[in-house]
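Please open the structure in your viewer and keep the selection tool at hand. The stops below are meant to be taken in order, one selection at a time.

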Amino acid sequence: MHLLIDMNENFTTYLGFQWNLEGKTYYFEFLCVPFGLSPGPRVCKKLFRPLITRWRLNGLCTVLFFDDGIIGAVDFDSCVKLSDFVFHDLLLCHILPNCKKSCWKPNKVVDWLGYTWDFNR
């Protein structure tokens, strides 16, 4: 997730470094947030905290684990509305959902975080 957080083009110059290779100087600039995997969960938490707060204040029952989330509602129509609400919020924040792995239509049985969740029971 954090490898996909683009840097503002105006600031890439300040997040760069120079490297001397075979007697020639090269300049490199980071185009995405420059850190490894260990701070990734913390960054995801900080990035999504305002969205989670907004969604919960608007009555959404939602759970987020890193960048994987699930939404619950009492009926199909409510779930459709909430799903659209979350999807549009993500786009407004320039967070592009992975449409290949995301499911935006309500389901009563889903595979999430390695488990099958059956809400028919």
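Begin by selecting Phe-30, which sits in the loop between strand 2 and helix 1 (40–57); helices (H or I, at least four residues) and strands (E, at least two) are DSSP runs, numbered from the N terminus. This is a predicted model, in which local features need pLDDT of at least 70 and side-chain atom pairs count only at pLDDT 80 or more, while totals for chains, interfaces and linings use all residues. Residues are numbered from 1 along each chain as its sequence is written, and side-chain values use heavy atoms, with hydrogens and water left out.

Phe-30 has a relative accessible area of 32% and is therefore partly exposed, given that buried means under 20%, exposed over 50%, and partly exposed in between (1.4 Å probe, protein chains only). Now add Phe-17, Trp-19, Leu-21, Tyr-26 and Phe-28 to the selection, and together with Phe-30 they show a nonpolar surface patch of about 560 Å². The elements that contribute two or more residues to this patch are strand 1 (16–21) and strand 2 (24–29), and strand 1 supplies the largest share, three residues. Patches are made of residues with over 30% relative accessible area and no salt bridge, with nonpolar side chains (Val, Leu, Ile, Met, Phe, Trp, Tyr) joined within 5 Å and like charges within 9 Å. The accessible areas come from the Shrake-Rupley method with a 1.4 Å probe, and for residues only the protein chains shown count as cover.

Which rings should be looked at next? Five aromatic pairs are found in a search of the whole structure, where rings of Phe, Tyr and Trp (its six-membered ring) pair if their centres lie within 6.5 Å, and planes under 30 degrees apart count as stacked, over 60 as edge-to-face and the rest as tilted. Select Phe-17 and Phe-28, whose ring centres are 5.3 Å apart with the planes at 25°, so that this pair is stacked. Because Phe-17 lies in strand 1 and Phe-28 in strand 2, the pair ties together parts that are 11 residues apart in sequence. Phe-17 is partly exposed at 37% relative accessibility, and Phe-28 is partly exposed at 35%. Adding Trp-19 to these two residues displays one aromatic cluster.

Move on to Phe-87 and Trp-104, an edge-to-face aromatic pair with 4.9 Å from centre to centre and 75° between the planes. Phe-87 belongs to helix 2 (residues 76–92) and Trp-104 to the loop between helix 2 and strand 5 (109–112), so the pair links distant parts of the chain, 17 residues apart.

For the charged side chains, look for the two salt bridges that the structure holds, each being a side-chain nitrogen of Lys or Arg within 4 Å of a carboxyl oxygen of Asp or Glu. Select Arg-54 and Asp-89, whose side chains meet in one of them at 2.7 Å, N to O; Arg-54 is in helix 1 and Asp-89 in helix 2, 35 residues apart. Is Asp-89 buried or exposed? With a relative accessible area of 6%, Asp-89 is buried, whereas Arg-54 is partly exposed at 38%. Then select Lys-101 and Asp-68, a salt bridge in which the closest N and O atoms are 2.4 Å apart.
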